[in-house]
Amino acid sequence: MNFDKEQIEHLAKLARLEITTAEKEKYAEQIASIIDYFGKLNAIDMKNVEPLDFITELKNVWREDEAAQFFDKEKTLAACPRTRDAAREAPELKDDQIVVPNIWI
Amino acid sequence: MDLTRMTIKQAHYGLENKDFTCLELVDGFLRKIKKRNKNINAFITIDEDGALQAAENVDAKIRHGQPVGLLEGVPVAIKDNILVKGLKATAGSKILEYYVAPYDATAIERLKKAGVIILGKTNMDEFALGGSGESSYFGATKNPCDEKRVPGGSSSGSAAAVADFQCVAGLGSDTGGSVRQPAGFCGVTGLKPTYGRVSRHGLIAMASSFDQIGPIARNVEDAEILFNEISGTDNFDSTVNDFSKKIKKKNEITIGVPKEYFVAGMDVEVEQKIKEAIAVMKESGFNIKEISLPHADLALAVYYILMPAEVSSNLARFDGVKYGFRAEAGNLLEQYLWTRSIGFGDEAKRRIMLGTFVLSAGYQDAYYKKAQKARRLIKNDFDAAFKEVDAILTPTSPTPAFKLGEKFNDPLTMYLADIFTVSANVAGIPAMSIPAGKTKAGLPIGLQIMANYFNEDLIFSIAKKFERENGYVN
């Protein structure tokens, strides 16, 4: 299968990844060869085969939906490092909601 | 006295008889870890304070004449994608470099209840995506049998630590072979339980219909002891079940050898050692029968379609919003893009994109749905085989441990190394790798035993018999 830069760009966009130009070529080549390998599946006639979407035979495994305190909010937040380094920072909270950047580009 | 060479039972009896204290036992391992970590790089986090404190508690119990359980005071290593409360859980990735686990995984809760002492968290391929141990943000782990070679992956640190006597035993996780393959490469024992036998609560998800936590140990009995402790139903994981009690024990066991697994491309010494192992099994009293798993050669393609699809979904949560690394950005989309591009390594990005591809509009039928159908065919093959035989024997890998860097630049070649292990995850059946011997150069060769769903006890009994007949290979 011919996998080109545009297709990688499309996938990267869907996956919310930013890929450099050099990386695009590398990934295009690698993913193309992996997808070629998948061609093995075309050799078998699977028209009448039911897809297997779940291995165990379990169905409808339920328990009571009981509210319980799982974490102590103060203790959990206290365990998050508080530094100026964004890599380590816990998310900023406002009224129990997480603050995120503006969605408008 | 070198206290690092103990089995679980030896450690237990030693503590009971007061041959040594738990503090001495734990201290012995901590010193070994510190001595070796620069070379082997098996550990990302070493919990010295926690382990020593836990050891003192065990010693206090013993001093007061209180009985200690079999696992109490036994030092183990835990793969860094399994949450241990209060310790970092990095999954081998930059994106979780400073993430501290807010709770214990169910498997960890059970081990802690049994009194196990956690020495630290072990290195791994990032998010368990790898088969060599080279894809960790924290650097590659080396094979203790030959430091120029890979230990295998993705449970690279746990397997290397066990093989290097840095702990008594450890936990890893297995999605396509990630417990068995490194166990095989490092010369130790590793079990992938039946899918659904061990709770995945607290295991950072990779591919949810394939993942299982499994023990890595220096002998079968230790793996069995750990397995029994961690397995069982859990309110936090609705895929856990156990039908093992419905299995009738048999006196005569037949082991199948699938002809599709002995094809060209396998290392000559590996093939030879496995054939010798089959002969040992025959002499031990097992019936040997050639069987066929006709769709065996589809398993790798099925795995590399379905697994990345699940990975792309499971790794979507790493967006810098709730936890983990967060890139400074002016808007939300940029935060996602930059957080994930900086935080994820190469292999993670590759598999996420592969998964995105097979799930994307226009390609789902051609790849994802087809792979699901082929998954059914592979499962059917095993169902049919287990009507004829009780267990299946294969090599764990087609080659012994390869050199660092040898396969790193060609992903497809790297993926092909999983060819013997993935089928068990595709079908969900239990499988174990045990040492079968070594190559002339001294590299370990792993033997894989697979059995029908919930037949772990059968695997243990066959493996133990082999250990006895073949001599302890460690």
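Reader: Let's start with confidence: which element of chain A has the lowest mean pLDDT, and which has the highest?

Author: Good place to begin! pLDDT is the confidence the predictor assigns to each residue, on a scale from 0 to 100. Among the elements of chain A (helices are DSSP runs of H or I with at least four residues, strands are E runs with at least two, numbered from the N terminus), helix 3 (residues 73-79) has the lowest mean, 71, and helix 1 has the highest, 93. This is a predicted model, where local features need pLDDT of at least 70, side-chain atom pairs count only at pLDDT 80 or more, and totals for chains, interfaces and linings use all residues. Residues are numbered from 1 along each chain as its sequence is written, chains are lettered from A and ligands numbered from 1 in the order in which they are written, and side-chain values use heavy atoms, with hydrogens and water left out.

Reader: What is the mean pLDDT of chain B, and what does chain A average?

Author: Chain B has a mean of 95, with 99% of its residues at 70 or more. Chain A averages 85, and 87% of its residues score at least 70. For the model, ipTM is 0.91 and pTM is 0.96.

Reader: How many residues does the contact take from chain A and from chain B?

Author: Contact means heavy atoms within 4.5 Å. Here 55 residues of chain A and 70 residues of chain B take part. The two chains bury about 5,700 Å² between them, 71% of it on carbon and sulfur atoms; buried area is the accessible area (1.4 Å probe) lost when two parts are put together, summed over both.

Reader: What is the count of salt bridges between chain A and chain B?

Author: Look for a side-chain nitrogen of Lys or Arg within 4 Å of a carboxyl oxygen of Asp or Glu. Two salt bridges are counted between the chains. One pairs the side chains of K40(A) and D297(B), at 3.4 Å from N to O. On the chain A side of this interface, the elements giving two or more residues are helix 1 (5-14) and helix 2 (21-37). Helix 2 of chain A supplies the largest share, nine residues. By residue type, that side divides into 37 nonpolar, seven polar and eleven charged; Ala, Val, Leu, Ile, Met, Phe, Trp, Tyr, Cys and Pro are the nonpolar class, Asp, Glu, Lys and Arg the charged one, and the others, including Gly, are polar.

Reader: How many salt bridges does a search of the whole structure find?

Author: Over all chains there are 28. In chain B, for instance, the side chains of K9(B) and E221(B) meet at 2.7 Å, N to O. Because K9(B) is in helix 1 (residues 8-16) and E221(B) in helix 7 (residues 220-230) of chain B, this pair ties together parts 212 residues apart in sequence.

Reader: And backbone geometry: where is R16(A) found, and which residues does a cis peptide bond join?

Author: Most residues other than glycine have a negative phi, and most peptide bonds are trans. R16(A), in the loop between helix 1 and helix 2 of chain A, has a positive phi near 55°. A cis peptide bond joins G153(B) and S154(B), with omega about 10°. S154(B) sits in the loop between strand 3 (117-122) and helix 5 (156-163) of chain B.

Reader: Which residues is V280(B) in contact with, leaving aside neighbours within four places in sequence?

Author: They are F466(B), E469(B) and N470(B). V280(B) itself belongs to helix 8 (residues 268-283) of chain B, one of 15 helices that chain B has alongside eleven strands.
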